[in-house]
Amino acid sequence: MSATASTLKQQAHTLIDRLPNTVTWDDVAYEIELRASIERGLVDARAGRLIPVEDLMKEFGVEG
C-alpha cells in the first residue's frame, strides 16, 4: 500500500508536529527513517516475505 503524495506530506507534517520544540535535524531524519522502515516491514509482511524467528535465531547463533 503506498500513500499518495498529499497523504504522505500530511503524515510527515503530523510526525514533525509531534516532535518537541528542541528537535534536531538528526531527530527528524531518525523519525522519518524509522517510519519508512516500519512501512517497508509491513509491506513485506503482507506479501509473506517473513523469516521465522527460529530461523533468525539459528542464523545468529542464539539458542531459544
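R40 counts as partly exposed, at 45% relative accessibility, where buried means under 20% relative accessible area, exposed over 50% and partly exposed in between (1.4 Å probe, protein chains only). R40 takes part in a salt bridge with E33, in which the closest N and O atoms are 2.7 Å apart; a salt bridge is here a side-chain nitrogen of Lys or Arg within 4 Å of a carboxyl oxygen of Asp or Glu. E33 is likewise in the partly exposed class, because its relative accessibility is 42%. The structure is a predicted model, in which local features need pLDDT of at least 70 and side-chain atom pairs count only at pLDDT 80 or more, whereas totals for chains, interfaces and linings use all residues. Residues are numbered from 1 along each chain as its sequence is written, and side-chain values use heavy atoms, with hydrogens and water left out.

The protein contains three helices and zero strands, and its elements follow the order α-α-α from the N terminus on. Helices (H or I, at least four residues) and strands (E, at least two) are DSSP runs, numbered from the N terminus. The radius of gyration of the protein is 16 Å, against a value near 11 Å for a compact globule of 64 residues; this radius is taken over C-alpha atoms, and the globule rule is 2.2 Å times the number of residues to the power 0.38. Along the principal axes, the C-alpha atoms fill a box of roughly 45 × 30 × 15 Å. Of the 64 residues in the protein, 5% are buried. The exposed surface of the protein amounts to about 5800 Å², of which carbon and sulfur atoms supply 59%, with accessible areas from the Shrake-Rupley method with a 1.4 Å probe and, for residues, only the protein chains shown counting as cover.

With respect to charge, the protein carries 7 positive and 11 negative side chains, and the centres of the two sets lie 9 Å apart. In this count Lys and Arg are positive and Asp and Glu negative, while His and the chain ends are not counted; the place of a charge is taken as NZ of Lys, CZ of Arg, CG of Asp or CD of Glu.

The structure holds three salt bridges, one of which joins the side chains of R35 and E39 at 3.1 Å, N to O. R35 and E39 both belong to helix α2 and are four residues apart, about one turn of the helix. R35 is classed as partly exposed because its relative accessibility is 31%, and E39 falls in the partly exposed class at 33%. A further salt bridge links R49 with D44, the closest N and O atoms being 2.7 Å apart; D44 has a relative accessible area of 30% and is therefore partly exposed.

Helix α2 spans residues 25-46 and includes L34, which is partly exposed at 34% relative accessibility. Together with Y30, I38 and L42, L34 makes a nonpolar surface patch of about 370 Å². Patches are made of residues with over 30% relative accessible area and no salt bridge, like charges being joined within 9 Å and nonpolar side chains (Val, Leu, Ile, Met, Phe, Trp, Tyr) within 5 Å.

Two other residues of helix α2 may be placed relative to positions elsewhere in the chain. A29 lies in helix α2 and is partly exposed, with 44% relative accessibility; its C-alpha atom is separated by 11 Å from that of L15, 14 residues away along the chain. V43 is also found in helix α2, and a relative accessible area of 33% makes V43 partly exposed. Between V43 and A12, which are 31 residues apart in sequence, the C-alpha to C-alpha distance is 19 Å.
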